[in-house]
Amino acid sequence: MSTWRRRHRQNLEITEMTDSPAVPAPVTLFGMLAGMWQSRAICVAAQLKIADALADGPRPTAELAAWTGTNTPSLRRLLRALARQGVFVELDDDSFGNSPLSEVLSPKAAGSMYAMAMGIADWGWRSWAELEHSVRTGEPAFDKLYGKGLFDWFSADDPDAGALFDDSMTGFSASVDEPVSHALDLTGVRRLVDVGGGHGRLAVTVLDAFPDLTEAVLFDQTHVLAQVPAAIRERDRLRLTEGDFFQAVPVGAEAYIMKMILHDWSDENAVHILSRCREAMAPGGRVLAAEVVLDPQRSAPFAYLLDLQMLTVLTGKERTEEEFRALYAAAGLQLTRVIPTGSMFSIVEGVAI
Ligand SMILES: C[S@@+](CC[C@H](N)C(=O)[O-])C[C@H]1O[C@@H](n2cnc3c(N)ncnc32)[C@H](O)[C@@H]1O
């Protein structure tokens with residue numbers, strides 16, 4: 001094992017030692033309150049592109065400071081703090097290397113979290129500072145700050161932030177698209193529409209997994225599809241169709257998949273989207289929504305924080321199976337099953353009645 005891998009393991013062991021049940025409640029809560037510090041430190045390391053600077057191996061702190069235009073002692077403190085959390089590895093000769101966690105901060109990494117960090121550092125950070133507004137009013141803090149909804153702001157005001165958001169979805173999807181695709185039952189499906197499919201990673205993963213599919217339609221807004229990478233755009237059996245899922249979705253497919261769509265929207269708007277899908281399909285057609293399904297016995301604590309993210313930046317929420325059943329019924333769909341995928345998402349299947 002290399003020195004920096006060994007050091008990474010040691011750092012994690014130290015972290016585990018301090019995480020003992022004997023820690024007094026105020027100390028534990030202080031650590032939780034300071035979770036903000038951890039997030040901010042990771043975001044700054046991402047902004048400075050430290051993970052890229054370490055792509056070829058560990059480098060001295062002074063060299064990293066020169067490369068990033070930062071103050072050497074302060075950069076050392078940033079990286080030392082992060083190394084104690086398992087993000088980067090501190091070596092004995094005043095140098096730092098990548099760890100498995102810091103590697104995915106590079107924009108070039110498979111499953112990159114770089115774009116996610118950029119969004120959290122920017123509009124995410126500002127919105128969460130106004131969480132109290134959302135809790136008091138039920139309205140998105142984002143809309144109060146930016147004067148419009150997140151997706152409208154991306155398209156009208158800040159396309160660069162929108163492109164980063166789409167990249168963040170693709171980066172995160174690298175960990176979940178395979179299990180979601182593996183869990184799909186596409187019996188009888190020849191044509192599939194990915195509603196709000198972003199840059200197409202899930203659509204391509206499903207095409208790979210189901211060679212008998214005649215066609216997958218990647219459906220999203222014009223400016224989002226314009227940024228779809230060439231390798232996906234030119235993929236056989238994939239068709240790109242632009243539009244607004246509140247107006248209409250492509251007609252005649254046997255199944256409409258949508259991942260992380262319904263949780264973005266209020267019940268009223270989620271029913272609108274499901275209704276457009278219902279109108280586009282024949283009886284027996286299916287909606288396959290890949291979503292978190294809240295279950296107090298099984299859901300990870302993170303699922304409930306994601307629900308707060310939906311409260312703060314959008315009008316949506318995470319839902320229970322019963323809540324999905326009610327949405328589906330309102331759109332003329334019968335919820336038939338909830339299929340676990342082994343990821344944080346389940347597939348909520350609804351059939352047109
Ligand atoms: C949370 S992202 C999920 C993207 C993708 N399904 C994934 O899992 O990576 C939501 C998607 O909905 C799309 N979207 C938002 N409003 C839309 C609209 N009115 N019509 C079509 N797509 C829309 C966004 O462009 C974005 O790609």
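**A colleague's note on the rings and the ligand site**

1. Let's start with one glycine. G162 is buried, because its relative accessibility is 6%, under the 20% limit for that label. This glycine belongs to helix α12, which covers residues 159-183. For a sense of distance, the C-alpha atoms of G162 and N98 lie 28 Å apart, with their positions 64 residues apart along the chain. Please keep in mind as you read that this is a predicted model.

2. Helix α12 is also worth a look for the ligand. Of the shell around the ligand, this helix supplies the largest share, 3 residues. In total, 19 residues surround the ligand, and the closest are G196, D220, D244, F245 and K259. By type, the shell divides into 9 nonpolar, 6 polar and 4 charged residues.

3. Which atoms of the protein lie 2.9 Å from a nitrogen atom of the ligand? One is a polar side-chain atom of D244, and another is a polar backbone atom of F245. On the oxygen side, the side chain of K259 places an N or O atom 2.7 Å from an oxygen atom of the ligand. The ligand on its own has 590 Å² of accessible area, and the protein covers 94% of it.

4. Now to the aromatic rings. The model has 16 aromatic pairs. One of them joins F142 and Y146, whose rings are stacked, with 4.2 Å from centre to centre and 10° between the planes. Both residues sit in helix α10 (residues 141-146), 4 residues apart, or about one turn of the helix.

5. Are F142 and Y146 buried or exposed? F142 counts as buried because its relative accessibility is 0%. Y146 is buried as well, since its relative accessible area is 14%.

6. A further pair is formed by W153 and F154, and here the rings are tilted: the centres are 5.7 Å apart and the planes meet at 45°. Both W153 and F154 are buried.

7. You can follow these rings into a wider group. Ring pairs link W123, F142, Y146, F151, W153, F154, F165, F245, F246 and W265 into a cluster. F245 ties two parts of this note together: this residue is in the ring cluster, and its backbone also has a polar atom 2.9 Å from a nitrogen atom of the ligand.

8. One last ring to find in the viewer is that of W125. The charged end of R40 sits over this ring, 4.6 Å from the ring centre.

Key
Residues are numbered from 1 along each chain as its sequence is written. This is a predicted model: local features need pLDDT of at least 70, side-chain atom pairs count only at pLDDT 80 or more; totals for chains, interfaces and linings use all residues. Side-chain values use heavy atoms; hydrogens and water are left out. Rings of Phe, Tyr and Trp (its six-membered ring) pair if their centres lie within 6.5 Å; planes under 30 degrees apart count as stacked, over 60 as edge-to-face and the rest as tilted. Helices (H or I, at least four residues) and strands (E, at least two) are DSSP runs, numbered from the N terminus. Buried means under 20% relative accessible area, exposed over 50%, partly exposed in between (1.4 Å probe, protein chains only). A charge sits over a ring if NZ of Lys or CZ of Arg is within 6 Å of the ring centre and within 35 degrees of the ring normal. A residue is near a molecule or strand if one of its heavy atoms lies within 4 Å of it. A polar contact is a pair of N or O atoms within 3.5 Å; within protein, one must be able to donate a hydrogen and the other to accept it, and residues adjacent in sequence count only if both atoms are side-chain atoms. Accessible areas come from the Shrake-Rupley method with a 1.4 Å probe; for residues, only the protein chains shown count as cover. Ala, Val, Leu, Ile, Met, Phe, Trp, Tyr, Cys and Pro count as nonpolar, Asp, Glu, Lys and Arg as charged, and the others, Gly among them, as polar.
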